[in-house]
Amino acid sequence: MNGSLLSLLIWMPIIGGVVVMLVGDRRATLAKSLAIAVSLATFAASLGLISDFDPTLYTMQFVERLEWLPALHSNYALGIDGIALPLIVLTTFSTIPVLVASWENVHKRVSQYYGAFLLLEGLMVAVFSATDALLFYVFWEAMLVPMFIIIGVWGGQRRVYATLKFFLYTFLGSVLMLVALVYLYLKAHTYDMAALWALPLSQPEQVLIFLAFFAAFAVKVPMVPVHTWLPDAHVEAPTGGSVILAAIMLKMGGFGFLRFCLPVTPDAARELSNLIIVLSLIAVVYIGLVALVQKDMKKLIAYSSIAHMGFVTLGCFLAYAIATHGSTVGSVMALSGAMVQMISHGLISGALFLCVGVLYDRMHTREIGAYGGVINTMPLFGAFMVFFGMSNAGLPGTSGFVGEFMVILASFHAGFWITVLAGMTLILGAAYTLWLVKRVVLGPVANEDVAHLTDVNVREWCVLAVLAVAVLALGLYPKPLIDAMEPTLAHLLSQMLTTKL
């Protein structure tokens with residue numbers, strides 16, 4: 001199966017999603033059961049990537065190549081390395097709790113809802129697997145359609161506004177990426193990523209191409225100041241949409257930086273790295289302060305996501321500043337910290353949005369002021385939310401600590417004030433997360449509605465428990481993940497430090 005495993009991971013959920021839609025709402029239970037079975041089978045198949053992946057190599061593995069558009073020298077080319085592997089496994093893993101958690105919460109167009117998530121899963125795996133730039137772009141754009149539908153059909157009252165804003169922001173940035181890819185094709189006469197990485201480019205060419213890629217990937221992360229679409233999308237999206245948006249889709253921005261900006265335009269990235277570091281630190285500090293004043297739980301977690309993803313871009317571009325001080329080990333640590341942060345944030349943010357969904361299903365409000373003392377009537381749920389909140393604040397022993405600590409530790413090589421500002425995320429993260437936990441979970445019962453809440457059922461407990469185990473496992477023993485990534489990241493660093501001029 002190794003020769004076609006990536007295709008299986010892409011097309012099994014896509015075909016499964018189509019079948020689930022064809023089952024229809026008249027047999028909603030069958031549609032939901034089939035969707036969960038397909039997601040479980042996809043995750044099980046993705047574990048085959050782990051078992052057969054060689055962590056000592058930086059080259060692409062599980063390579064597939066078929067002729068696709070010969071006139072454009074574009075192929076159906078797939079492959080993964082230490083960067084793509086954990087993101088694919090995170091994608092297949094995260095889809096399962098989303099579908100299970102939605103079992104009793106979706107009442108209209110059920111088969112289409114479940115089918116849309118399976119389509120989205122396959123397309124996201126395809127984005128991480130593509131080694132042909134045109135194929136990457138096709139999957140990148142196609143991925144927007146299921147999420148557009150998920151927010152637009154099953155979202156809140158302002159779903160149309162949020163959906164259009166989400167689509168326009170991401171689509172306009174992607175158009176500039178297409179322009180850059182076409183220019184690179186005209187220079188290289190191929191869309192093969194390896195050829196694009198090796199393509200010599202002048203400094204003006206690199207700067208313009210970098211800015212075009214930056215427009216697409218910065219919106220997806222999202223970075224300040226193109227972040228305003230995310231809180232609206234999160235607030236209006238259904239719980240499952242918020243989970244996938246935070247856990248996977250934001251990571252595609254960081255993945256794009258690692259796949260295109262850094263290896264294709266290394267000299268421009270080096271020249272503009274200080275600007276990206278400044279924008280990342282603004283996200284860490286300013287957005288953290290914005291999160292403190294939110295009254296809506298989803299908005300608070302959405303702004304938290306922007307702050308934590310600022311650490312990802314900070315780690316990616318700190319590698320240049322650290323390398324100028326002669327520490328390649330520190331540069332690799334910064335890149336590794338950025339990757340660990342992506343995986344950790346996927347687990348923690350997804351869990352927090354699921355916690356908000358549990359409360360919303362019972363009280364139909366996300367206003368923080370409507371709650372208080374939830375732990376008195378929902379002790380199991382309260383324990384989970386406190387745990388995920390502490391993880392979000394970077395508690396040692398949880399995955400939230402590992403990535404941030406690695407980036408902060410590496411930043412000592414770049415400068416004292418960068419370290420101070422980066423370390424603010426631990427203070428601000430604790431401030432807005434514990435402030436949320438205190439107002440919602442702790443204290444006396446605030447009102448009659450809270451007094452009549454029922455604790456999590458077996459299905460909700462299983463979903464939150466699985467995520468809690470994953471957060472603990474990564475926090476206590478991150479070595480397998482770091483070992484799988486480091487050879488690829490060390491090779492990426494060598495590409496970043498090799499001039500193309």
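L164 is partly exposed, because its relative accessible area of 44% falls between the 20% limit for buried and the 50% limit for exposed. In this predicted model, L164 sits in helix α7, which spans residues 159-188. L164 is also one member of a nonpolar patch on the surface. The points below start with that patch, then turn to the core and the backbone.

**The surface patch**
- Alongside L164, the nonpolar surface patch takes in V160, L168, F171, L172, V175 and V179.
- Together, the residues of this patch have about 600 Å² of accessible area.
- L164 can join such a patch because its relative accessible area of 44% passes the cut-off of over 30% used for patch residues.

**The nonpolar core**
- The largest nonpolar core holds 197 residues.
- Which residues touch the most other members of this core? They are F213, F317, L318, F381, F388 and V440.
- Helix α15, running over residues 328-363, gives this core its largest share, with 19 residues.
- For a closer look at one of these residues, take F381: leaving aside residues up to four places away in sequence, F381 touches C355, V358, L359, V374, D455, V456 and L464.

**Two cis peptide bonds**
- Going from V221 to P222, the peptide bond is cis, and its omega is near -10 degrees.
- P222 belongs to the loop between α9 (203-220) and α10 (229-236).
- A cis peptide bond also links V224 to P225, here with omega near 10 degrees.
- Where does P225 lie? P225 is found in the loop between α9 and α10.

**Positive phi outside glycine**
- H73 is not a glycine, yet its phi is positive, at about 55 degrees.
- H73 is placed in the loop between β1 (61-69) and β2 (74-80).
- Is H73 buried or exposed? H73 is partly exposed, because its relative accessible area of 42% lies between the 20% and 50% limits.
- R109, a residue other than glycine, likewise has a positive phi, near 50 degrees.
- You will find R109 in the loop between α3 (84-101) and α4 (110-129).
- R109 has a relative accessibility of 44%, so R109 counts as partly exposed.

Conventions. Residues are numbered from 1 along each chain as its sequence is written. This is a predicted model: local features need pLDDT of at least 70, side-chain atom pairs count only at pLDDT 80 or more; totals for chains, interfaces and linings use all residues. Side-chain values use heavy atoms; hydrogens and water are left out. A nonpolar core is a set of buried Ala, Val, Leu, Ile, Met, Phe, Trp, Tyr and Cys residues joined through side-chain atoms within 4.5 Å. Buried means under 20% relative accessible area, exposed over 50%, partly exposed in between (1.4 Å probe, protein chains only). Helices (H or I, at least four residues) and strands (E, at least two) are DSSP runs, numbered from the N terminus. Contact means heavy atoms within 4.5 Å. Patches are made of residues with over 30% relative accessible area and no salt bridge: like charges are joined within 9 Å, nonpolar side chains (Val, Leu, Ile, Met, Phe, Trp, Tyr) within 5 Å. Accessible areas come from the Shrake-Rupley method with a 1.4 Å probe; for residues, only the protein chains shown count as cover. A salt bridge is a side-chain nitrogen of Lys or Arg within 4 Å of a carboxyl oxygen of Asp or Glu.
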